[in-house]
Amino acid sequence: MKTILEYQEQFKKEEMTPLDLLEKSLEKIDPSLNAYITVTEELARKGLKKDIQGKLKGIPIAIKDNINIKGIPTTCASNVLKGFIPPFSATVIERIQRSGGIFTGKTNLDEFGMGSSTERSNIGPTKNPYDLTKVPGGSSGGSAAAVASGSAVISLGSDTGGSVRQPASYCGLVGLKPTYGRVSRYGLVAFGSSLDQIGIIGRNAEDVGVLLKVIAGYDPKDSTSSQSKVEDYGNLNDTPKNLRIGIPEEYFKQIDEEVYTSVMKIKKAIEKEGILFKSVSLPTTGYIIPTYQVISYAEASSNLARYDGVRYGLRKDGEDFHDTIRKSRNEGFLSEVKRRILIGSFVLSSEAIAEYYERADLIRRLITQEFNDVFKEVDYLLTPATPTPAFPIGERTDDPIRMHVPDRMTAGANLAGIPAVAAPAGMIGKLPIGYQLIGKPFDEKGLLSIVRLVEKIVPFQGFIKEAQDG
Amino acid sequence: MAEYKTTIGIEVHAQLKTVTKLFCGCPASFGEEANTNVCSICLGLPGVLPSLNKKAVELTVKAGLALNCEIHTRSIFARKNYFYPDLPKGYQITQYRFPIATGGKISLEGREIRIKRVHLEEESAKSIHEKDKSLIDYNRSGVPLIEIVTEPDIDSPDMAVAYLKTLQKILQFENISDAVMARAEFRCEPNISVSKEKGILGTRTEVKNLNSFKAVKKSLLSEIDRQTETLEKGKTVEQATIHYSEETGKTWVARIKEESSDYRYFPEPDLPPLLISQTWIDEIKAAVGELPVRKKEKYLELGLNEKDAKTISSFTTTSRLFEEILKIIDEPIEVSKWILRDYRSLGEPDISAENFAEMIKMVLHGEISRNAGAEVLAEMVKTNKNPKQIVEEKNLSQISDTNALERAVREIFEENPDELTRLKGGEQKLIGFFVGQVMKKTAGKADPKEVSRIISEYEKKH
Amino acid sequence: MKEVDIKHLSKLANIQLDKEEEKILQKDLDKIIIHIRKIQEVEVNKTPNTTHLSIEELPLRSDKKEKPLSVKEVLSNAQNPSKNHFTINRMINEDDS
């Protein structure tokens, strides 16, 4: 198991070529995992031939299929985008290419990012590499499965309510959701515009930091992107000193006993390093899921209005143009997306908007203020990343309420726009389980540094052996 | 028929004079081949985000200032959600609760029309309809539009047209929009209601699809008739969208608004609040010119007649020059004569106000004749030399010195004894002959007015 | 409290649902709304004026031309393009200019 920097050393010393690494990675693509929608071997080989020198030179990266790569189909796991090939690349893709990174393929997701299991996809579910009967998490399950099974060194996902951190937790990986505005959203197919961030799923904190440094930074094409200075996120050797980490009591209710134990193990390990832990309370935690639902569904209902078959995608002919659009959308969307669009339309409708959307917006500010206040007492928060490890495929498919349960841990950070990272806490039987750290705006370096500290003290033993190369 | 009061409010959409579209760098020009000015953003492809055009903001602020509005230092964009093939995102980015400008007014023939709001939004695409299908061209999609809404302060179709013409002139004058109605750059949607009862407004209808000022007037007149007839019959006027037929000259109900569309407005999450600094507003304010209507009123006060005041005020370069010259010499009527006759016939050329004023001064002081002045003006336009220079070079100075002129007159009298006798005998018209002779003798330099005066006095004395 | 009327919502959302799906979704929506209604419990009168922690002000773009897509690229994903236009069934002339 090598890190990005280690691979680069190997390339320099000519102990391995980028082509070797690419071919080894592609060999590890297991169709039964169903992690990939499109494998981009030709594009990757072409990329290698260009021999671009950069921090990501020769590193095979998997890309969630809601991030555009020019000339490669983007499906968002939806029939509504049948045949769609974008004529432009996302800003993050261009930045990766300029740094020499190459792409193994577009990975599976819950349709348009809506789900927590990567089951609601038009190509069917992705399986968890640790246990093929379990979900890999979602919605960035394909990216997590690709990295956990070794077909990519690192991957991009997107996180609107936890879609990078939860799969990372279920697949024994590090998953970072940056501060809102840290990474450009230009080229990411929008789901919940005020919540979405492109995130990174990798095998260790340093890798995630190296990739973050390449993709982060102001983009004039994204008016919500931040001018805040990009730090050297890959340089994590300074262990943060005099840290105070809060344990919010609300996040430790209704979780599996073993999850509690695993997270507490992490706490105990780093307490020895002189980090102070403090009990804190975040009373608005119980309102996170409904608030997140109202806001994300509302934005989704608007963002998905463009899928009408007129300019691209699936078209089902009807009697008149209204009929054509309505039929196309009905046929193109799977049921979860339809549910969310319908509720989103409801909470924005004139009769309901004040009670629902506008109210949720106010509660969002309360939630944000609560995080603000707690960060006056502590520097970070430690919580479980998910209340349980990966659940069985099919267990929650018909239960839209239960599907949102893991979001309780993660969606708060999206609502407040603050950064959060999930990392492996250990194994529960055959399955990995993750812990989560939440931080102040633009403190990705601090978060990743703590993860690195944990890696040094209690290195994760659960990486899949077959995924590791020679 | 009982006395019905008409109430009209008008909503105008005008295309802004920017180089690029509102949220992307595609050219905002029109008339090109279909779908040649389109990019991923104005096509609404998955993954795109809007990027706001600074010039469009500037022009909207300018329009707000020209209409005496309050400019808000913080305004918000919103999504207006509805489905139509010419709306690529399935929503239009516009402004809803927090527009750029509110609370303005326009003076119109002594009345004040209040402007409710001025805001910025994007245009939709264009569709052409064939027998069995419609064709869509996204060139126009995303072009910046300004929306100007009045309070219901207009009370007749004539006033509505007067308002529209004035607004159009302002937008053109301030270079905010070319506002050509035929090119769909200036669209108006009046809403109108009639009512017998004092203080109570009737149900209003909205007239759409109007392509000329004539259509505006005629459609409103027809709508007044239609509504009054409906009420006289004891029926109620329904809220509806009204279309107008050029052929019949009549309006008809196109769509009843029983269920108005629910646009589900919410703040645009892809665009943070727009902050406009007071400094920037002040800069833009300095560039706002004075409106033609106000200029005309000013000129009337200076003593110009209606026709002259109207002419000068309606031309930007002319009026500017006129006012510059007046700052140097305070002779509005004299200057206006020069502007209207000589300057405009030269085609409104570039000329320095100082030189122009200097030349007029010289004429007023009798240093050169009026004709000479016209010659100097033409020469100044050609060469840009100052008038004193030109007069010297061309030897145009007038002889105003009374002694010199009296001498010249005496000489002419000596040379023309018969005519002198006839003049003394009462043939007044010979004054002209003598003036002409003096002019010939002085090679045109004599001041003909002065010569004429001398001859008349001499004639009187003798 | 407003009822969730799926017929009305499917019109707003422009999705034509089959009868069976309509029934299932109506049930689903009713369930979900009960959970969402939890937000009615919160006291929101003293809400602070912060939304995002990290949004700066809206950046403005200079009015300079950028190269558009070629017509071929624009139409590359279109169904049945004709004469360099996108096509759709005949649109009812709803106040187009």
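A residue is buried if 20 or more other C-beta atoms lie within 10 Å of its own, exposed if 12 or fewer, and partly exposed in between, with the C-beta atoms placed from the backbone. Keep that handy for the exercises below.

A bit of housekeeping: this is a predicted model, where local features need pLDDT of at least 70, side-chain atom pairs count only at pLDDT 80 or more, and totals for chains, interfaces and linings use all residues. Residues are numbered from 1 along each chain as its sequence is written, while chains are lettered from A and ligands numbered from 1 in the order in which they are written.

**Exercise 1. Find B:Glu283 and decide: buried or exposed?**

Step 1. Locate B:Glu283: it sits in helix H4 of chain B, residues 278-287. (Helices are DSSP runs of H or I with at least four residues, strands are runs of E with at least two, and both are numbered from the N terminus.)

Step 2. Count neighbours. B:Glu283 has 12 C-beta neighbours inside 10 Å, so it counts as exposed.

Step 3. Now look across to B:Lys62. In sequence B:Glu283 and B:Lys62 are 221 residues apart, yet their C-alpha atoms are 9.8 Å apart in space.

**Exercise 2. Work out the order of the strands in the open sheet S5-S4-S15 of chain B, and why one side of S5 and of S15 is left without a neighbour.**

Step 1. Recall the pairing rule: two strands pair if DSSP finds at least two bridges between them.

Step 2. Read off the order. The three strands of this open sheet in chain B go S5-S4-S15, with antiparallel pairing.

Step 3. Check the ends. S5 (91-94) and S15 (266-267) of chain B are at the edges with a single partner strand each, so one side of each has no neighbour in the sheet.

Step 4. Zoom in on one pair. S4 of chain B (residues 78-81) joins S5(B) through four bridges in the antiparallel sense, and B:Asn81 stands opposite B:Tyr91 there.

**Exercise 3. Describe strand S4 of chain A: how many of its residues are buried, and which strands does it pair with?**

Step 1. Check the cover. S4(A) spans residues 154-159, and six of its six residues are buried.

Step 2. Sort the directions. A:Ile154, A:Leu156 and A:Ser158 point one way, A:Ser155, A:Gly157 and A:Asp159 point the other way, and all are buried.

Step 3. Find one partner. S2 of chain A (residues 60-64) pairs with S4(A) in the parallel sense over three bridges, with A:Ile61 opposite A:Ile154.

Step 4. Find another. S6 of chain A (residues 197-202) runs antiparallel to S4(A) and is joined to it by six bridges; A:Gln197 in S6(A) is the bridge partner of A:Asp159.

**Exercise 4. Now step back: why can chain A be called as compact as a globular protein of its length?**

Step 1. Take stock of the secondary structure of chain A: 14 helices and 11 strands.

Step 2. Compare with the globule rule, which is 2.2 Å times the number of residues to the power 0.38, the radius of gyration being taken over C-alpha atoms. Chain A has a radius of gyration of 21 Å, close to the 23 Å the rule gives for 470 residues, so it is as compact as a globular protein of that length.

Step 3. Add the burial: 63% of the 470 residues of chain A count as buried.

Step 4. Add the dimensions: the C-alpha trace of chain A spans about 70 × 55 × 45 Å along its principal axes.

**Exercise 5. Which elements does chain C use to touch chain B?**

Step 1. Count both sides. Chain C puts 32 residues into the contact and chain B puts in 42. (Residues are in contact if their C-beta atoms, placed from the backbone, lie within 7 Å.)

Step 2. Name the elements of chain C that give two or more residues: helix H3 (71-75) and strand S1. The largest share, four residues, comes from S1(C).

Step 3. Sort the chain C side by type: 12 nonpolar, nine polar and 11 charged. (Ala, Val, Leu, Ile, Met, Phe, Trp, Tyr, Cys and Pro count as nonpolar, Asp, Glu, Lys and Arg as charged, and the others, Gly among them, as polar.)

Step 4. Look at the strands. S9 of chain B (residues 133-137) and S1(C) run antiparallel, joined by four bridges, and B:Leu135 stands opposite C:Thr87.

Methods: Two residues are in contact if their C-beta atoms, placed from the backbone, lie within 7 Å.
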